[in-house]
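Please examine the sequence and the structure shown below. The report that follows then describes the chain part by part.

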Amino acid sequence: KGQSSSSNSGNSELEKTSSHQSSSLWQFLFPFLSWDCLASEKHVSKIGQIVVPLLLLGNIAMFLVSNTGKIASIVANVDLAGTKLDLTLIEFSLADTTKDMWIAKTYALSIL
């Protein structure tokens, strides 16, 4: 019985290695990555291997842009003797507000 269990575990190891040896687009594009991931599975279509990571990267990019860009600004339109000036008094962004809260030692609010 001890020999049959070791042969079964050997077969399962063989099945695991053979399932990961199949060439996928993910492994072709990134041969230096050696970890197991869903995109390297043979069940995942080629479109899924490309579209899902691109959607994730796009989502991260939109998150960063929306949270670091200007949210609001206060502009004074001044007319001095026919000369028009647009003075930007202050600009707000979520990143700056979070940094200001951290400097003010309101850590609970800045982490939220």
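## Overall architecture

Read from the start of the sequence to its end, the chain shows the pattern α-α-α-β-β-α-α. It thus contains five helices and two strands. The model is a predicted one, and its confidence is treated in the next section.

Of the 112 residues in the chain, 8% are buried. The chain exposes about 9,300 Å², and carbon and sulfur atoms supply 66% of that area. Among contacts between residues at least 6 apart in sequence, 15% join residues at least 24 apart.

## Confidence of the model

The average pLDDT of the chain is 76, and 73% of the residues score at least 70. Confidence is highest in helix 3 (residues 46–68), with a mean of 87, and lowest in helix 1 (residues 2–20), with a mean of 49. Over residues 17–22 the pLDDT is below 50, and this stretch has five contacts in the model beyond near neighbours in sequence.

## The hairpin

Strand 1 and strand 2 pair in the antiparallel sense over 10 bridges. Within this pairing, Val78 stands opposite Leu85 in strand 2. The two strands form a hairpin, with two residues between them.

Ala81 is placed in the loop between strand 1 and strand 2. Its phi is near 50 degrees, a positive value in a residue other than glycine. Most residues other than glycine have a negative phi. Ala81 counts as exposed because its relative accessibility is 85%, and the cut-off for this class is over 50%.

## A salt bridge between the strands

The structure holds one salt bridge. Lys70 forms it with Glu91, and the closest N and O atoms are 3.5 Å apart. The pair links distant parts of the chain: Lys70 belongs to strand 1 (residues 70–80) and Glu91 to strand 2, 21 residues apart.

Are the two partners buried or exposed? Lys70 has a relative accessibility of 58%, so it counts as exposed. Glu91, at 41%, counts as partly exposed, because that class lies between the cut-offs of 20% and 50%.

## The end of strand 2 and the start of helix 4

Ser93 lies in strand 2, which spans residues 83–93. With a relative accessibility of 6%, Ser93 counts as buried, because buried means under 20%. Leaving aside residues up to four places away in sequence, Ser93 touches Thr68, Gly69, Lys70 and Ile71. Lys70 is also the residue that forms the salt bridge with Glu91. In addition, the side chain of Ser93 makes a polar contact with the side chain of Asp96, at 3.1 Å.

Helix 4 covers residues 94–103, and Thr97 has its place there. Thr97 counts as partly exposed, at 34% relative accessibility.

## Towards the end of the chain

Which residue has a positive phi in the loop between helix 4 and helix 5? Lys105 is found in that loop, before helix 5 (107–111). The phi of Lys105 is near 65 degrees, a positive value in a residue other than glycine. Lys105 counts as exposed because its relative accessibility is 61%.

Thr97 and Ser110 are 13 residues apart in sequence. In space, their C-alpha atoms are 8.2 Å apart.

Notes
Residues numbered from 1 in each chain as written. Predicted model: local features only at pLDDT ≥ 70, side-chain atom pairs only at ≥ 80, totals over all residues. Heavy atoms only, no water. Helix = DSSP H or I, 4+ residues; strand = E, 2+ residues; numbered from the N terminus. Buried < 20%, exposed > 50% of the residue type's maximum accessible area, 1.4 Å probe, protein only. Polar contact = N/O pair within 3.5 Å; in protein donor to acceptor, adjacent residues only side chain to side chain. Contact = heavy atoms within 4.5 Å. Areas by Shrake-Rupley, 256 points an atom, 1.4 Å probe, with all protein chains shown as cover. Salt bridge = Lys/Arg side-chain N within 4 Å of Asp/Glu carboxyl O. Pairing = 2+ DSSP bridges. pLDDT = per-residue confidence, 0-100.
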